[in-house]
Amino acid sequence: MATHLKTAEAAAGRAEADSKVRSTVEGILADIEARGDTAVRELSGKFDNWSPENFRLSEQEIEAAMSKVSARDLEDIRFAQANVRRFAEHQKAALKDVEVETEPGVFLGHKNIPVDAVGCYVPGGKYPMVASAHMSVLTAKVAGVKRVVAAAPPFKGGAHPAIVAAMHLAGADEILVLGGVQAIGAMALGTQTIAPVDMLVGPGNAFVAEAKRQLYGRVGIDLFAGPTETLVIADDTVDAEICATDLLGQAEHGPTSPSILLTTSEKLARETMAEVERLLTILPTAEIARISWRDHGEVILCADDAEMLAVANKLAFEHVQVMTHDPDYFLDNMTNYGALFLGARTNVAFGDKVIGTNHTLPTKRAGRFTGGLWVGKFLKTCTYQRITTDAASAKIGAYGSRLSMLEGFAGHAEQANIRVRRFGGRNVPYASAAE
């Protein structure tokens, strides 16, 4: 049975805080829906000290922002986007339109149709998440979305140059310097100057996540995302320094980000805990990472790989890094996760920033039933039917008539019966089952 060598210290139960977030977001969205641009401008001024006449950047403003980004940074952004684009294009190529003749003269098919308009949110609070522009905007454009609106909060009194560059290079059709619930609400509900979108994607804080939750149904969303999670699965083939580094590398996201070490080696477990404490004395982001590790960090000792697999599947974490003698065991057998990072040569930061897979992933055990953001999320798989012969229409009609009457749907049965009469030459009494 798995043993906890370190447990999370955070008290359970956030019902009161969650209730406050819900009510705050509900009020903001209602205000935006009622007053449009006026509400958005007031809210942005209140929360971000930013209330321009127009939140949308002009071509000249985009060029001005990009001119502030160094050539090296632009080169790095282009490199990351090339990787994201390449993988997304391969994913899209795997999604085929289908048409099959299931009976003589009966053709069934589906088409993968891009969503018309998508709003992509790029966080910019403690950390300006440049990579989120690649993951959302670029992936949507590869999918074929015609209109992509990208929004990010103001940074030091204006647009963040690197985020603007990433959005523009990714293919954003509109760029908004607008953050928080007001950005989510404006894109989803629309205002006098911002046309509404059909879908919202991208990570954000608790208020952004709650806004997406409340708007789900009026618009589509990618997934419900909570604080970043990382699970390191390791054995004695790696050392404490690399385990501690990879745990803290994600703990710095925020004070509520869980980081867990799952291992079969008690020696590695105890050395990793000591190494975490050492690194916290030199890590520039230790102020955040220390709280995260203290309140949400765990170290779990297991008997063997099978037990680690069982625990990992139950946790269903967003990021799962596997550094064991046989990483493929977890690739072949693990079923609940957002993304896997196999072997000591890769890590979560590579996936977050540059390698090409998408970093918008399921949290809070949602990996049990959904994957992360990918090109397929922006596509609607829509079916169609075609019958090309009289005989096929009459045959399907007879079955459809009887099955409709079995359920008591006379109107449905008549849709079938009229085809049996016209194309099959058979006399079927009105609102009766065909023989």
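This briefing covers the cavities, one pocket, the nonpolar cores and the recorded binding-site residues of the structure above. The model is a predicted one. Its largest nonpolar core has 72 residues, and two cavities of 30 Å³ or more are counted. UniProt, in an unreviewed entry, lists two groups of residues under "binding site".

**Nonpolar cores**

- The largest nonpolar core has 72 residues, and those with the most contacts inside it are V118, M167, I184, M187, L200, L215 and F378.
- Helix 5, residues 130-143, provides the largest share of this core, with eight residues.
- A second, separate core has 21 residues, among them L268, M273, L279 and V299.
- Setting aside residues up to four places away in sequence, M187 touches G119, C120, V149, A151, L176, A195, P196, V197 and L200.
- L200 therefore appears both among the core residues with the most contacts and among the residues that M187 touches, where touching means having heavy atoms within 4.5 Å.

**Cavities**

- The largest cavity has a volume of about 60 Å³.
- Its lining is made of G202, P203, G204, V208, A209, K212, L223, F224 and A225.
- By class, this lining has six nonpolar residues, two polar ones and one charged one.
- The second largest cavity has a volume of about 40 Å³.
- A152, P153, A159, H160, I163, V164, M167, I175, L176 and V177 line the second largest cavity.
- Helix 6 (161-170) and strand 6 (174-177) each supply at least two residues of that lining.
- The lining of the second largest cavity has nine nonpolar residues, one polar residue and no charged residues.
- M167 lines the second largest cavity and is also one of the residues with the most contacts inside the largest core.

**The second largest pocket**

- The second largest pocket has a volume of about 530 Å³.
- It is lined by 26 residues, and the closest to its centre are M129, A131, A349, D352 and K353.
- Helix 4, helix 5, helix 9 and helix 14 (348-353) each supply at least two residues of this lining.
- Helix 4 gives the most, with five residues.
- By class, the lining of this pocket has 13 nonpolar, seven polar and six charged residues.

**First group of recorded binding-site residues**

- The unreviewed UniProt entry lists T228, Q250, H253, H319, D352, E407 and H412 under "binding site".
- These residues span 185 residues in sequence, and the farthest two C-alpha atoms are 56.2 Å apart, so the residues do not all gather at one spot.
- Three of them, Q250, H253 and D352, are included in the lining of the second largest pocket.
- T228 sits in the loop between strand 8 (220-221) and strand 9 (230-234).
- With a relative accessible area of 14%, T228 is buried, because buried means under 20%.
- Apart from neighbours within four places in sequence, T228 is in contact with Q250, H253, S257, P258, E318 and H319.
- H253 is in the loop between helix 9 (240-251) and strand 10 (259-263).
- The relative accessible area of H253 is 25%, so H253 is partly exposed.
- Apart from neighbours within four places in sequence, H253 is in contact with Y127, M129, T228, I288 and D352.

**Second group of recorded binding-site residues**

- The unreviewed UniProt entry also lists Y121, Q182 and N205 under "binding site".
- These span 85 residues in sequence, yet no two of their C-alpha atoms are more than 12.9 Å apart, so they gather at one spot.
- Q182 belongs to helix 7, residues 180-189.
- Q182 counts as buried because its relative accessibility is 2%.
- Beyond its neighbours within four places in sequence, Q182 is in contact with I32, V40, L43, S44, F47 and D48.

**A residue of helix 4**

- R85 lies in helix 4, which covers residues 71-93.
- R85 has 29% relative accessibility, so R85 counts as partly exposed.
- Leaving out its neighbours within four places in sequence, R85 is in contact with L138, V142 and L169.
- R85 and S19 are 66 residues apart along the chain, and their C-alpha atoms are separated by 39 Å.

Methods
Residues are numbered from 1 along each chain as its sequence is written. This is a predicted model: local features need pLDDT of at least 70, side-chain atom pairs count only at pLDDT 80 or more; totals for chains, interfaces and linings use all residues. Side-chain values use heavy atoms; hydrogens and water are left out. On a 1 Å grid over the protein atoms alone, a cavity is a set of points where a 1.4 Å probe fits but cannot get out, and a pocket is an open set with protein on both sides within 12 Å along at least five of seven lines; lining residues have an atom within 4 Å of a point. Grid points are joined across faces, edges and corners, and a volume is the space filled by probe spheres set on the points. Ala, Val, Leu, Ile, Met, Phe, Trp, Tyr, Cys and Pro count as nonpolar, Asp, Glu, Lys and Arg as charged, and the others, Gly among them, as polar. Helices (H or I, at least four residues) and strands (E, at least two) are DSSP runs, numbered from the N terminus. A nonpolar core is a set of buried Ala, Val, Leu, Ile, Met, Phe, Trp, Tyr and Cys residues joined through side-chain atoms within 4.5 Å. Buried means under 20% relative accessible area, exposed over 50%, partly exposed in between (1.4 Å probe, protein chains only). UniProt positions are given in the numbering used here, feature names are shortened, and annotations may be inferred rather than shown by experiment.
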